[in-house]
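Let's take a walk through this model together, with the structure open beside the text. We will stop at a few loops and strands and then turn to the ligand.

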Amino acid sequence: MYIFHKINDLQNYLRKSNKTIGFVPTMGALHLGHISLVERAKSENDLVVVSIFVNPTQFNNKADLVNYPRTPESDYKMLEECKTDIVFSPETDEMYPSERSEEKKLDIGKLGEVMEGVYRPGHFNGVIQVVSQLFNIVKPDKAYFGEKDFQQLTVIRFMVKSFNFNVEIVACPTVREKNGLAMSSRNLKLSEDGKKEAETISKALYFIKENKEKYDPDQIKQKAIDMIESSGKLKTEYIEIADEKTLEPIKSWNEKKHVRSFAAVFCEGIRLIDNVGLS
Ligand code: AMP
């Protein structure tokens, strides 16, 4: 496994390789959810590049950036174990040197006006900035993203179309702990009690899936919030039921065929997100 920290070194290596490239962008603190993306990329490409970069421009909250878990040694070990070809792990100065001109802005319209777009202002601008730059550096044939961050996946697809990137976006299903909690780097910040408590988030999203015939969307959203908040230890930021393509919230079940329930919930001060397809 090669580990590159400099853009030039990575590009020199890739230029010589002349192989199909599968790319998995991450912020590190890797878990089996990330590894599922790497395995999928390995099965569909000659060469797999995984980036590890905690991108400061997508954090709207400074404390969140500072506290974001960083576990480089264990990340390299996990990637080595699953036979990753290349890791790209740049410093912030390498990605954002002060002399670089302003990034290309993209208006994501209504995609940015719901859920994460509302509660994390500027977040998707930062995601677009870093992913477009990484695509320009790596020039992958395929790039792998988790459904765990479903709104991000939708925004990336929109970006690829808007900027005419010649890359196929592959969506990978959410990997969960045994108790249903969606795997996330942020789970490292939870106590054992917190992890147990947080299982209610996916339970509430699956409750929506299994009981949607009995209630209208607004009623069942309230039921899910009540479930999540019943112990007094979790605080809901939003529960939303939205169309899978446009991410627009629905008011009745007949409006759209493919809908998904989404949640952002605080547990022990850590913000966790999850979503479940309802179709
Ligand atoms: P992150 O390191 O959180 O930026 O995530 C990097 C990639 O891994 C993103 O495409 C995420 O959607 C994906 N990912 C994170 N957690 C999971 C999970 N539990 N299952 C599947 N993919 C995931």
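The loop between helix 1 (7-17) and strand 2 is where you will find N18. This model is predicted, and in it N18 has a positive phi of about 55°, although N18 is not a glycine. Is N18 buried or exposed? With a relative accessible area of 73%, N18 is exposed, because the cut-off for that class is over 50%.

Now move along the chain to N164, in the loop between helix 8 (150-162) and strand 6 (168-172). Here, too, the backbone deserves a look: the phi of N164 is near 55°, a positive value in a residue other than glycine. N164 counts as exposed, at 66% relative accessibility.

The strands offer some buried residues to look at. E240 belongs to strand 7 (residues 234-243), and its relative accessible area of 15% makes E240 buried, since buried means under 20%. What does the side chain of E240 make a polar contact with? The partner is the side chain of K221, at 2.8 Å.

V259 is found in strand 8 (residues 259-267). V259 is buried as well, with a relative accessible area of 3%. If you would like a sense of distance across the model, take V259 and N125: they are 134 residues apart in sequence, and their C-alpha atoms are 25 Å apart in space.

Let us turn to the ligand. The space it takes is the largest cavity. There are 17 residues around the ligand, and M27, H34, D149, V175 and M183 come nearest. By class, this shell has eight nonpolar, seven polar and two charged residues.

Which elements supply at least two residues of the shell each? They are strand 2 (21-26), helix 2 (32-44) and strand 5 (142-146). Helix 2 gives the largest share, three residues.

Three of the nearest residues can be followed down to atom pairs. A polar side-chain atom of D149 lies 2.6 Å from a ligand oxygen atom, and a polar side-chain atom of H34 lies 2.9 Å from an oxygen atom of the ligand. With M183 the backbone takes part: one of its N or O atoms is 2.8 Å from a nitrogen atom of the ligand. As for cover, the ligand on its own has 480 Å² of accessible area, and the protein covers 93% of that.

Definitions and conventions: Residues numbered from 1 in each chain as written. Predicted model: local features only at pLDDT ≥ 70, side-chain atom pairs only at ≥ 80, totals over all residues. Heavy atoms only, no water. Near = heavy atom within 4 Å. Polar contact = N/O pair within 3.5 Å; in protein donor to acceptor, adjacent residues only side chain to side chain. Areas by Shrake-Rupley, 256 points an atom, 1.4 Å probe, with all protein chains shown as cover. 1 Å grid on protein atoms, 1.4 Å probe; cavity = no way out; pocket = protein on both sides within 12 Å on 5 of 7 lines; lining within 4 Å. Sits in = over half its atoms within 2 Å of the grid points. Helix = DSSP H or I, 4+ residues; strand = E, 2+ residues; numbered from the N terminus. Nonpolar A, V, L, I, M, F, W, Y, C, P; charged D, E, K, R; others polar. Buried < 20%, exposed > 50% of the residue type's maximum accessible area, 1.4 Å probe, protein only.
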